[in-house]
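Biologist: I should like to learn how such a model is read, from the whole chain down to single residues. Where do we begin?

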Amino acid sequence: MAYQKALLKLEIKDIVLVKPTKSTPSCLLSLSTIDNKAYNDEICQTIHVYRSSIHNSPNNSFNPSHLIKQALSKSLFYYYPLAGRLVKHADDGKLRVKCNPNEENYGVPVLEANAKCTLSSLHYLDNTDTDIAKHLMLDLPSPHDKTYPLVLMVTKFLCGGFTIGMGVSHALCDGFGGSQFFKSIVELASGRIEPSVKPVWERERLVGSITKQSFQSLIDKDLAAFSPFLQPKTIIKQYCFKIESDVIKRLKMSLMKESESHSNITTFESLAAYVWRSKARALKLSPNGKTVLIMEVGMRGKNLKDYEYTLPEGYYGNAIVDADLVLNVNELNEKPLSEIVKLIKETKNVASTIDYVRKSIDTMETIRQEEEEEEEDLNIDDAIMYVTDWKHLGFMESVDFEGYELSLLKSGDAPGLDTCIFMSQNKIDDPILGEGVRIFISLPVAAMPKFKEEIDALRFL
């Protein structure tokens, strides 16, 4: 949908530190092996876009920042580690959370702003303009950017709507945990006395042991596929593609017919297979090289139970392991798509077993230092697609304020070349949030026409 891009002018106020409403412990908290994985030492940014409900006129007296700071303060009594500071232990280099309520800098930095435009003039941020999005997030200067595990920015617009920009350390929360925390703020702002789900720390449940039987590296750099588009001065941009629910249904039906199978095919499996192949074709990956699809498999709920890693309700740390599928590019291009889907399903099933989870966590613990060096040296982003699914994290469920509806969730970060994000449709285009998906992906500009051609072909199945 076309929209009039407004010039975003902000009236910025001073940053304030929000502290828990009640006394909290002074302590040094250890993190799990998964929390300490190298790529989790970063801030994950999300922007939550709220618009006034249709029946309400803009309320210029409503102060969303005041409401959210009050609710945040109440929530931090339960989630007090998020008000602490991240520190690295001198001996083992692992992250810890230092909680000292008596320190002057204890608390969560919150920035309040007023925008001189309406949300509709920005089409409720339903675009890939990261230049606009980054102004609605609080980015602290180094070295503070990674020591504060949580930051918030609340921006009110002329229409009465507002955005909440949340940056949370991935070392403390995975997507599900971040959603659980955000929902607690909304609940407390809406009048609840306490969160519906009490948070659980217990990071010792997911601590691995040194092993001599760890997983090996996915692929050797010399065997990895490469793209001719990736040169030192290559321009890479983020793009968003909306896949309607009826298109996804036709894709699933086509795959079931092709495979002559009556087994259930999920939206994730079908789109992951299709996007992986489309990206490889768009990048013109070397046909004899290897490419990797990396998927996240959750450890909560029904996937894994009745074993030593059983997680209680309310656990908000990282509880995911990677499931990796390696193929030659020729295989990816030439196999029927239904076979790729079958391989994805089988890979996920294996990653949901106790043996795989145990070995994954032990591998992380064993090669934590080496893994950090390998990730810097490999530089094979063109051969990897790390697909992450945000649709079922709960960010869009039961998080409306009275008179204000969460219309859209947006990542505050542009995904890297190796990352693809699946997100729900926004409530502007899809009020009932059906099965439609927004796909966020970054590609060299020269590769985009082919990728778009592949995506457009979905509509003619």
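Modeller: Let us begin with one residue and its surroundings. Ser75 touches Phe181, Ser184, Ile185 and Leu188, leaving aside residues up to four places away in sequence. Please keep in mind that this is a predicted model.

Biologist: In which element is the place of Ser75, and does the residue count as buried or exposed?

Modeller: Ser75 lies in helix 1, residues 64-78. Buried means under 20% relative accessible area; Ser75 has 0% relative accessibility and therefore counts as buried. As for distance, Ser75 and Leu327 are 252 residues apart in sequence, and their C-alpha atoms are 46 Å apart in space.

Biologist: How does one judge the overall form of the protein chain?

Modeller: One compares the radius of gyration with that of a compact globule. For 461 residues the globule would have a value near 23 Å, and the protein chain has 22 Å, so the two agree. The C-alpha atoms fill a box of roughly 60 × 55 × 45 Å along the principal axes. The protein chain has 10 helices and 16 strands, and 54% of its 461 residues count as buried. Of the contacts between residues at least 6 apart in sequence, 82% join residues at least 24 apart.

Biologist: What supplies 51% of the area that the protein chain exposes, and how far apart are the mean positions of its positive and negative charges?

Modeller: Carbon and sulfur atoms supply that 51%, out of about 21100 Å². The mean positions of the 54 positive and 63 negative charges are 4 Å apart.

Biologist: How should I read a single helix?

Modeller: An α-helix has 3.6 residues a turn, so residues three or four places apart point the same way. Consider helix 7, residues 337-351: at 1.5 Å a residue, its 15 residues should span 21 Å, and the end C-alpha atoms are 21 Å apart, which agrees. Its buried residues are Leu337, Ser338, Ile340, Val341, Ile344, Thr347 and Ala351. Among the elements covering them are helix 4 (245-259), helix 5 (267-283), strand 11 (290-298) and helix 8 (354-366).

Biologist: Which sign does phi take in Tyr124 and in Leu125?

Modeller: Phi is positive in both residues, neither of which is glycine: near 55° in Tyr124 and near 65° in Leu125. Tyr124 is found in the loop between strand 7 (108-115) and helix 2 (130-133), and Leu125 is in the loop between strand 7 and helix 2 as well. Tyr124 is buried, at 16% relative accessible area, and Leu125 also counts as buried, at 3%.

Methods:
Residues numbered from 1 in each chain as written. Predicted model: local features only at pLDDT ≥ 70, side-chain atom pairs only at ≥ 80, totals over all residues. Heavy atoms only, no water. Helix = DSSP H or I, 4+ residues; strand = E, 2+ residues; numbered from the N terminus. Rg over C-alpha atoms; globule rule 2.2 N^0.38 Å. Buried < 20%, exposed > 50% of the residue type's maximum accessible area, 1.4 Å probe, protein only. Contact = heavy atoms within 4.5 Å. Areas by Shrake-Rupley, 256 points an atom, 1.4 Å probe, with all protein chains shown as cover. Lys, Arg positive; Asp, Glu negative; His and termini not counted. Charge placed at Lys NZ, Arg CZ, Asp CG, Glu CD. Expected span 1.5 Å × (residues − 1).
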